[in-house]
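Biologist: Could you pick one part of this protein and walk me through it slowly? I'm still learning how to read these pictures.

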Amino acid sequence: MRGTSSYLLGSALLALLPSAANAFYLPGAAPHNYVQRDPVDLYVNALTPMLAGSDNSKLKSLINYDYYNPRFHFCTPNGGAKDQPESLGSILFGDRIFTSPYDIKMLQANATCQMLCTAEIPGEDAQFINERIREDYALNWLVDGLPAAEMKKDMKTGDLFFDMGFNLGNDDDDVPYLNNHYEIVLRYHEPSPGIYRVVGVLVWPSSRGGSQEDESAPDCDVEVPRLGLSENETNNIRYTYRVTWDESDTPWATRWDNYLHIFDPRIHWFSLVNSIVIVVFLCVMVAMILWRTVSRDISRYNAIDLSEDVQEDWGWKLVHGEVFRAPRYPMVLSVMVGNGAQLCAMCAVTLVFALLGFLSPSNRGSLATVMMVCWTFFGGIGGYYSSRIYASLGGVDRRKNTFLTATILPTLVFIVIFLLDFFLLIAGSSGAVPFSTMLLIVVLWFGISAPLSSIGSYIGSRQGGVSHPVRVNQIPRQIPPAPRHLRPWASALLAGILPFGAAFVELYFVMSSLFASRAYYAFGFLALTAGVVALTTGTVTILFTYFNLCAEEYRWHWRAFLTGGGSAFWILAYGLFYWLSRLSLDSFSSVALYLGYLFLICLFDFIVTGTIGFLASYWAVRRLYSAIRVD
C-alpha cells in the first residue's frame with residue numbers, strides 16, 4: 001500500500017476528511033459573546049441511558065425520560081420550567097429541552113456550595129430512581145449549545161476528551177447512590193478584551209449524604225458518606241452545586257474538538273481501504289467479463305459468415321426475445337424503485353450538506369431535519385422514476401401507480417412509528433413523538449411530498465417508458481433449472497456479503513450513535529463508505545444478472561432488486577448480534593423499540609440498495625442487448 005496510487009488515494013481522503021471536521025463551524029451557528037456578569041443559561045434535556053464506560057459494558061435501556069418527570073423530583077425554576085423551541089429533527093431524536101433553576105453568571109464563581117432546593121422523594125419514586133441508576137442513566141445539560149460532559153481519558157492513546165452527559169448516580173458497590181451535588185466547570189475564551197465565549201462545559205457529579213434537613217448551604221469540601229435512597233420510606237434530598245470558571249486557549253471555532261473524539265481512527269481507515277479494495281476487485285472483474293466474454297460473444301453473434309458450429313444461439317443471446325418481458329407485479333416493483341430513488345437522493349444530498357458543514361452539532365437534530373426536508377422535496381424524483389419504470393414494464397394503470405408511490409412507504413413508516421410511540425407512552429418515556437409533530441409530518445407529506453410525487457409521475461408518464469433494443473416473443477420460453485447459487489434467496493445472501501463487508505465497521509459506529517447515545521460525526525468516512533457500498537452493490541448485481549442470463553434465466557427484474565438488497569439481510573443479522581453483544585434490554589418496551597428501529601433500518605437499506613442493483617442491471621442489460629444484431 002506504499003505505491004503512488006495509494007499515496008494519491010490517501011491524499012484525496014485526507015483532503016476530504018479535514019473539510020468534514022472543520023465544516024461544523026462554517027454555517028449554521030454563530031458565537032454568543034458575553035461580558036462579565038452576563039447571565040449564562042443552563043438548559044436541561046431528557047435523561048438517556050448510556051454505556052457505563054468499560055469495553056464490556058452493555059446498554060440496559062432505550063427509554064428516554066423527561067428531566068422534569070415528577071418521579072425524579074429535580075429542582076424546578078421559580079414560575080415553572082419553560083420548554084425551548086426545537087427543530088423537527090431534535091424532537092424526532094427525543095430532545096426535550098427546558099429552562100433550569102441554576103443561577104450562573106459569566107466569570108462569577110461560587111466560593112462555597114450553592115443551595116438549589118430540597119426535595120421529598122417517596123419510597124415508590126426512590127425505587128424508580130434506583131432502577132434508573134442501575135440502568136446507567138445520564139443527565140444531559142446544555143450551556144451555550146454545548147453539552148455538559150465528564151472529562152475522560154482514552155486508554156489507548158492517552159488523550160483527554162469530553163464524554164457527553166454525566167451519571168444520575170452510581171452503583172459501583174451494587175448499591176445505588178444518587179448524585180445530588182454538581183461541580184460545574186465552565187471553560188471560556190477571551191477573543192478580545194472584555195468579550196468572553198463559552199468553549200467547554202464540564203460537570204463532576206457526586207453523592208453527598210449526611211444530614212439533608214438543613215436548607216443552608218453546606219460545605220462541599222467536607223467528606224460525607226454517599227447518599228442512598230430508601231425504598232421503604234420518604235427521603236429528604238438536598239441538591240447543591242458550585243460553579244468555577246477556567247480560562248482556555250481553545251477558540252470558539254474548535255470548541256467541539258474536545259467532544260468529537262475518534263477513539264481509534266485506524267479502524268476507520270482499515271475499513272475504508274478494505275472496502276476500496278473490494279470495489280476495485282469487483283469493478284475489474286466486471287470489466288473483464290464485459291471486455292473478454294461479452295465482446296467475444298457479440299463478435300460471434302454479429303459475424304456475417306457463420307460457421308457450422310455456430311448455427312444456433314447459445315448463452316445469454318438465447319433469451320434475447322424474453323429478457324424484456326414484463327415481470328410479475330410490475331406495479332410493486334416500480335413503486336419500490338421510485339421510493340428507492342427518492343431515498344437515494346435524500347441520502348446523497350444529506351451527506352453533501354454534512355461534508356460542507358451545514359450540520360453543526362450546535363444545531364441539535366439538524367441531520368434528521370435535513371433528511372426530512374430532502375425526503376419531502378424529492379417526492380418528484382420518486383414519482384418520476386416510478387412512472388417511467390412502470391411504463392417500461394408495460395403498466396397501464398398510471399393513476400394507481402402515482403397514488404401508491406406517494407403513499408405506500410410513508411404509510412408503512414407511520415404505522416411502525418405509531419406502534420413505537422405507543423410502547424414509549426406505556427413506558428412513560430419523553431421520547432414519544434408529540435401529536436403536533438406527527439401532524440406537521442403529515443402536512444409535509446400531503447401538502448408537499450405527495451403533490452411533487454404526482455408532478456414527477458406526470459412528467460415521467462409524458463416521457464413514456466424506456467425503449468428496449470430487442471422485441472419480446474409472444475410465447476414465453478421454457479426456463480431450465482437454475483444452479484443453487486443462482487436461486488433468488490441464495491444469490492441475495494451471497495451478493496449481500498460484499499456491500500455489508502464494505503460498511504461493516506462504519507455500521508458499528510452508526511448503531512452506537514443511534515442506540516448508545518454516542519455522537520457520530522465522521523461524515524467524510526461515511527460519505528466515502530456510502531459511495532463504495534453503492535459501487536459494490538451495482539457491480540455485484542450486474543455480475544449475478546449476467547450469470548442468470550447465461551443460465552437462460554430471463555426473469556432478472558425482481559432477482560436484480562433482491563440481489564441488490566441482499567445486504568439488508570446481513571444488517572438484520574448484525575443487528576441481532578449487536579443486541580446480544582452490546583445491549584442488555586430487560587423491559588419489553590426497549591426490546592420493541594430496538595426491533596422496530598432495526599426493522600426500519602433494514603427496510604430502508606433494502607429499498608435503497610435494491611434500487612441501485614435494479615437500475616444498474618437495467619442499464620447493463622440494455623447495453624448488452626443493444627450491442628448484438630437480432631434477425
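Modeller: Let's take a close look at one helix, H8, and then stop briefly at a strand. Keep in mind that this is a predicted model. H8 covers residues 398–426, which makes 29 residues. Try a quick length check: at 1.5 Å a residue, a helix like that should span 42 Å, and its end C-alpha atoms are 42 Å apart, so the two values agree. Still, follow the helix along and you'll find a kink of about 35°, centred on Leu-404.

Now look at which residues are tucked away. Asn-401 and Thr-402 are buried, and so is Thr-405. Further along H8, the buried residues include Leu-409, Pro-410, Phe-414, Val-416, Leu-420, Asp-421 and Leu-424. What do the buried residues of H8 pack against? Their partners are the helices H5 (330–356), H6 (366–377), H7 (379–392), H9 (435–463) and H14 (588–626). Once you step off the end, there's one more thing to spot: just after H8, Gly-428 takes a positive phi of about 70°.

For our short stop, go to strand E1, residues 42–49. E1 is mostly covered, with seven of its eight residues buried. E1 runs antiparallel to strand E4 (residues 137–143), and six bridges join the two. To find that pairing on screen, look for Asn-45, which stands opposite Asn-140 in E4. E1 also runs antiparallel to strand E2 (residues 98–99), this time with two bridges. Here the pair to look for is Val-44 opposite Phe-98 in E2.

Definitions and conventions: Residues are numbered from 1 along each chain as its sequence is written. This is a predicted model: local features need pLDDT of at least 70, side-chain atom pairs count only at pLDDT 80 or more; totals for chains, interfaces and linings use all residues. Side-chain values use heavy atoms; hydrogens and water are left out. Helices (H or I, at least four residues) and strands (E, at least two) are DSSP runs, numbered from the N terminus. The expected span of a helix is 1.5 Å times one less than its number of residues. The bend at a residue is the angle between axes fitted to the seven residues ending there and the seven starting there. Buried means under 20% relative accessible area, exposed over 50%, partly exposed in between (1.4 Å probe, protein chains only). Contact means heavy atoms within 4.5 Å. Two strands pair if DSSP finds at least two bridges between them.
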